[in-house]
Amino acid sequence: MKEKINSTNIPQHVAVIMDGNGRWAKQRGAARLFGHKNAIKAVRETVEGCAEIGVGRLTLYAFSTENWNRPKIEVDGLMNLLVSTIKKEIPTLMKNNIRLQPLGDISHLPKEAQENLQYGIEQTGKNEGMVLSLALNYSGRWEIGESVKQLVKDLEEKKLAYDDVNNAFIGDYISKHTVPDVELMIRTSGEHRISNFLLWQMAYAELYFTDKLWPDFRKNDLFEAVIDFQNRERRYGKISEQLTN
Ligand code: IPE
Ligand code: IPE
Ligand code: MG
């Protein structure tokens, strides 16, 4: 698969909705947490695969603001897994020159998870390769709301003028505080929805859906998605002939 990738057209920001862990476990007659535990290999392969082909930024949707509504036993299990995984995966990040950058309202995560994240940020802070943004307690609407609040504050404090606020400006504002536009969005498990992920940043993303459940996702599945992306024509509202000229 990897040989078929055109190295001059690599999506610079790939975002993944890692879905299907619960169903993967259920198929095996196991508890949902078994699926989450078996998802780590898919995370590692995706991170390494992206770094290998030269993706600039990978954003992984690990826990949404809505996921707090799951049964307590699952939420607790996910948080524990988060705590143990971040620390364990730091050597992989170092080996691949990857910088960790969380996304979302981290302040509401368990203290130990916050500490480990902080440790990961510090350890990987000088790496200059790919940026790995881990979306935790994140939702697109929450993020837009936060940006609007900040914008209103800056207007009130006269740090910017009302006339400065337009589409491009809002986009810059959101990216500066969070992540830039997404080029390729992958969702596993056969669900065709966005589930409150990077709403603003996905305006012109190419969407790729696969039936594979997340714990089964491997490097080759990622490469397949990238090849699919490379075979699309991104017109941004124009017509085909305008692009070739
Ligand atoms: C994705 O898998 C992981 C998280 C949302 C944390 P799910 O847990 O949503 O698995 P399904 O969709 O129920 O199979
Ligand atoms: C989206 O998956 C959130 C994450 C992958 C972290 P969900 O499984 O929570 O989304 P819905 O409920 O199917 O929309
Ligand atoms: Mg799900």
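1. A pocket, as the word is used here, is an open set of grid points with protein on both sides within 12 Å along at least five of seven lines. Please keep in mind as you read that this is a predicted model. Its largest pocket has a volume of about 910 Å³, and a good place to start looking is around M18, N21, Y61, A62 and F63, the closest to the pocket's centre of the 39 residues that line it.

2. Which elements give two or more residues to that lining? They are helix 1 (21-27), helix 2 (32-37), helix 3 (40-53), strand 2 (57-64), helix 4 (72-95) and strand 4 (131-138). Helix 4 provides the largest share, with nine residues. By character, the lining of the largest pocket holds 21 nonpolar residues, nine polar ones and nine charged ones.

3. Helix 5 is worth a visit next. It covers residues 111-124, and its 14 residues reach 20 Å from the first C-alpha to the last, close to the 20 Å expected at 1.5 Å a residue. Buried along helix 5 are A113, N116, L117, G120 and T124. Seen down the axis, these buried residues fall within an arc of 100 degrees, so they line one face of the helix. A general point helps here: an α-helix has 3.6 residues a turn, so residues three or four places apart point the same way.

4. What does the buried side of helix 5 pack against? Its partners are helix 4, strand 3 and strand 4. On the face turned away from the buried side, K111 and E122 are exposed.

5. Helix 6 (residues 140-156) can be read in a similar spirit. Its 17 residues, at 1.5 Å a residue, should span 24 Å, and the end C-alpha atoms are indeed 24 Å apart, which agrees. The buried residues of helix 6 are G140, E143, S147, L151 and D154. Viewed down the helix axis, they fall within an arc of 75 degrees, so they line one face of helix 6.

6. Where is the cover for that face? The buried residues of helix 6 are covered by elements including strand 3 (99-103), strand 4 and helix 7 (167-177). On the other side of helix 6, R141, K149 and E156 are exposed.

7. One last detail to look at follows just after helix 6: there, K158 takes a positive phi of about 60 degrees.

8. To tie the points together, follow strand 4 through the model: it gives residues to the lining of the largest pocket, packs with the buried residues of helix 5, and helps to cover those of helix 6.

Conventions:
Residues are numbered from 1 along each chain as its sequence is written. Chains are lettered from A and ligands numbered from 1 in the order in which they are written. This is a predicted model: local features need pLDDT of at least 70, side-chain atom pairs count only at pLDDT 80 or more; totals for chains, interfaces and linings use all residues. Side-chain values use heavy atoms; hydrogens and water are left out. On a 1 Å grid over the protein atoms alone, a cavity is a set of points where a 1.4 Å probe fits but cannot get out, and a pocket is an open set with protein on both sides within 12 Å along at least five of seven lines; lining residues have an atom within 4 Å of a point. Grid points are joined across faces, edges and corners, and a volume is the space filled by probe spheres set on the points. Helices (H or I, at least four residues) and strands (E, at least two) are DSSP runs, numbered from the N terminus. Ala, Val, Leu, Ile, Met, Phe, Trp, Tyr, Cys and Pro count as nonpolar, Asp, Glu, Lys and Arg as charged, and the others, Gly among them, as polar. The expected span of a helix is 1.5 Å times one less than its number of residues. Buried means under 20% relative accessible area, exposed over 50%, partly exposed in between (1.4 Å probe, protein chains only). The arc is that of the directions from the helix axis to the C-beta atoms. Contact means heavy atoms within 4.5 Å.
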